[in-house]
Amino acid sequence: MSIYSNTRPEVAASEAMTLPQRYYTDPAWFQREMEAIHFDMWLCAGRTDQIPNSGDFFTRQVGNANVIITRDEQGQVRAFHNVCRHRGTLLCNEHEGKFAGRIQCQYHAWTYKLDGTLANAPHMEKVQGFREADYPLNAVATGVWDGHIFINLAARPIPFSDHLAGLDKKFRPWRMEELKTVERRTYQLKANWKLIIQNYSECLHCPNVHPLLNKQSHYMSGDNEPPQPTYLGGRMDLREGVKSLTMDGTTLRCSLPGLSADDQRHVYYYCLLPNFFLNLHPDYMLTFTMWPRAADHTEVTCEWHFHPDEIKKHGFDPQDAVEFWEITNKQDWALSDMAQIGIASKGYQPGPYSNREELLLALDKFVLDRVERSKH
Amino acid sequence: MSIYSNTRPEVAASEAMTLPQRYYTDPAWFQREMEAIHFDMWLCAGRTDQIPNSGDFFTRQVGNANVIITRDEQGQVRAFHNVCRHRGTLLCNEHEGKFAGRIQCQYHAWTYKLDGTLANAPHMEKVQGFREADYPLNAVATGVWDGHIFINLAARPIPFSDHLAGLDKKFRPWRMEELKTVERRTYQLKANWKLIIQNYSECLHCPNVHPLLNKQSHYMSGDNEPPQPTYLGGRMDLREGVKSLTMDGTTLRCSLPGLSADDQRHVYYYCLLPNFFLNLHPDYMLTFTMWPRAADHTEVTCEWHFHPDEIKKHGFDPQDAVEFWEITNKQDWALSDMAQIGIASKGYQPGPYSNREELLLALDKFVLDRVERSKH
Amino acid sequence: MSIYSNTRPEVAASEAMTLPQRYYTDPAWFQREMEAIHFDMWLCAGRTDQIPNSGDFFTRQVGNANVIITRDEQGQVRAFHNVCRHRGTLLCNEHEGKFAGRIQCQYHAWTYKLDGTLANAPHMEKVQGFREADYPLNAVATGVWDGHIFINLAARPIPFSDHLAGLDKKFRPWRMEELKTVERRTYQLKANWKLIIQNYSECLHCPNVHPLLNKQSHYMSGDNEPPQPTYLGGRMDLREGVKSLTMDGTTLRCSLPGLSADDQRHVYYYCLLPNFFLNLHPDYMLTFTMWPRAADHTEVTCEWHFHPDEIKKHGFDPQDAVEFWEITNKQDWALSDMAQIGIASKGYQPGPYSNREELLLALDKFVLDRVERSKH
């Protein structure tokens, strides 16, 4: 029995309505969401192949938190708040780079090891009770799943494996840890982060908005899992004759080595709440990480990852996949921005969801429940 | 006996003072004004000749409301909130255009007739209790006066004819419905909307600020009506030998066909509260619509309208009127912006009105009274 | 016995901590600081040689106050709120210039003498009880110290000499009133104003941040006065062979005429709270005035002043001093901006001051004390 079902139960118009305006526009509600969700859950930050060696780093902005993700001398992935423990100065203002063995504040040369411990704090000899051991960098929890680096800003994060909730087993055949990032695009959306997940979670808009996608994967072929506490996901069929989602539906690339014949006929779309989209194609992986900046502003980074055997082949060219999703992304972003404007306007009132928008209703409930619980 | 009088009664300095700072700077007060005034009164949105045919439309932003103004299949002017009843998406993001018979949301293809009724909502079959009749576009009231289109966002608008308060009879001789828009200019002012009405409502500043205007129409010739509940207005004399307000005071154009000899010697300046200025010259009509964007930001659209008989004459050239008012407008906008800066600064305190600034005092009272009443 | 001591007592890490985040980021706290400090204390506005003649003026923005600084017909320095007493219009929107004998509002021609009295208010004849004597420009207190113009926006300022607290006697030998401004640079910092004073008040960062400065003046040579109620200051030694702070440590300029041999071997760094830095070199004076614009934005104007005997010498070239401080300033501004970002981020928590950062701790106490007292 498959977990995927294309028959959604009926819903009642009176019960399945979109959220009121303020959930998309109110800065105070946005801040509550950040506290209850983004500062409390595991967030996908990037890929291990961005920091192959000790001292390599990149940074991520999560709300007002700036986080350094690096690899220590033992090769372990580490994350720290990008703030000196002396007078609070930002430690590095580059978005990526390489530390020369230590992390040194440019202001007064407080110096930290790559595991975060304070190694040297000049001119503190005459400060009574000062001990370097009391001032390590403030750590951020990390988890790694098949090459995906996750961070968690909570004081007591739930175990990372609980968050994955079995997706690690489910997607083992794709051997994602082997894949290499080939392209990265960053987009600034004038839309609330929830609207981007809602856009991702239904394909009823595909025939109008995405004629190219719909030509290669029928919009009614979507099979969703029942909504889960930490993720929303489903898969769609490739139409007969279509090998992958590319500009013309063909590809010269081999399928990823571990895939079954069935998996080669589907594209998987999973949203690991609250900030990660994972699109698994037969021959490549597409990932999105979403970074809310304000109630009406979200930064989205999209990356294309391929198998190294394909990358090194003569004539390897990812453009057929890059262009396909660049087109599709821009169609989605334009509609998400228009949704934000409409919902923010005086004429908006909650409207009825279709029974095929059940994942959107689940997202709304997830958000309300999370924020409600965080009060206590 | 004329309603116009050039003798203003004396006022007392202690009673006729400008408003305190916060009425021009406080975002919360601005929001209260929007609710009590702009969201409750009739606003001039444009002209019927902008939408001559069924399906033609333009949009207007009123506070956070975005409104579509269109003409339905029966030729009736209609206005709707520019928001889909499904998930709240903005229906059209062009400022003007033509609907192809229906208004269709680009996101999920919900489709509305030009009268606002929902004609088609795909994939809602399995939503219990869903009826298309329950989800028409949210309507906005409309009124048309001699070619001027008005909208009203209130739940229960006062009758449009009450708002006009006899101005329709008064200005019947101008036959404004015959006039055609020839030029449009939009200006962004860093000034509170009330300051623009105040600037409009007295000509004591004319000798300093508008030497060209003052040369053609003496600043002390202003005859005002007593202030009315929905409008503030008056008229000024053209100086001897001046035919109209143009760059050199002459014009090749005939006077508008219905005007008396007396009306051909005056320019009428009427502010229909809160967003419409109507300047009636012997040979053309000038209109301004004002759109408050923030306590310190107002968008103003100025249009020049002429009689079609003149427009079709060989050598018709509106530039003498366009340039005259472009110069005069920019002088007024610069002063309004400087008034905003000064009033917003720490050194401001209310100052005394002249007895010839009686319409400004009436405006202040109108605003305070409207906001006060809206509390109940 | 010198007031300068290079031995700072020990401090306790538990007692000498940086301030919590909100003191650097909260707009409401920033507003309270403005009220209790910048709107209550003497601020350095500029130099008398900017307005040598009657009617010359410049303006300064202090929070939401815009102030005209001018010189009246008797040659006295005067300051006024840049706001007309009629309807509140900004009187002049140039940052500097010359009034033609009177200050006239461009809107309705209310006209003031250079001492602020209202000389003419047209069309006010029929306003009962109106007297021109009741509507002078709102005055701002002024003080002049050796060419430095200070303003005070308080209703009842403390005496200017109390504010100087003896610095006028101390710095008499420099004869600052003789010096002429040769160069001015204005910088926009994305940093709280307190961070700029903190940066100025310790040289522990000099070896890392300012290698050029440290080469000419050893960072551990700093001798501070004990913190005073209205100023924080100290001096540093020039290294052997260094004549002044210039690109190469040499100078063709003579020392200022009144200086002792000892003063020729030091650079004095004084912060007259809250907005003035005075750097006295053997052969020139450097001044900074700081203008908080928001919790995270400060405008800084830096000026270089030289003795007129040097300026008129053939081959006078201030670039060795200008370039030295342009380099040093930019190093400081970059670190101050990074401090602001770090302190504003979620990972920040107060950290321990070194005992050599005693002036920073004094600044923090000054601010908290001032705001606390202002409540009553």
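Two strands count as paired here if DSSP finds at least two bridges between them, and strands (E, at least two residues) and helices (H or I, at least four) are DSSP runs numbered from the N terminus. This is a predicted model: local features need pLDDT of at least 70, side-chain atom pairs count only at pLDDT 80 or more, and totals for chains, interfaces and linings use all residues. Residues are numbered from 1 along each chain as its sequence is written, with chains lettered from A and ligands numbered from 1 in the order in which they are written.

**Stop one: chains A and C.** Select V127(A) and you'll find V11(C), in β1(C), standing opposite. Now show both strands: β10 of chain A (residues 127–128) and β1(C) run parallel, joined by 2 bridges.

Next, widen the selection to the whole interface. Here 26 residues of chain C are in contact with 27 residues of chain A (C-beta atoms, placed from the backbone, within 7 Å). On chain C's side, color β1 (11–12), α6 (206–209) and α9 (319–343), the elements that give two or more residues. The largest share, 6 residues, comes from α9(C).

**Stop two: chains B and C.** Pick A12(B); its bridge partner in β10(C) is Q128(C). Again 2 bridges join the parallel strands, β1(B) and β10 of chain C (residues 127–128).

**Stop three: the axis.** Lay chain B on chain C: a turn of 120° and a shift of 0.0 Å along the axis give an RMSD of 0.0 Å (least squares on C-alpha atoms of residues with pLDDT of at least 70 in both copies). That's the relation of a three-fold axis. Finish on P27(B), whose C-alpha is the nearest to the axis in chain B, at 8.9 Å.

Notes. Two residues are in contact if their C-beta atoms, placed from the backbone, lie within 7 Å.
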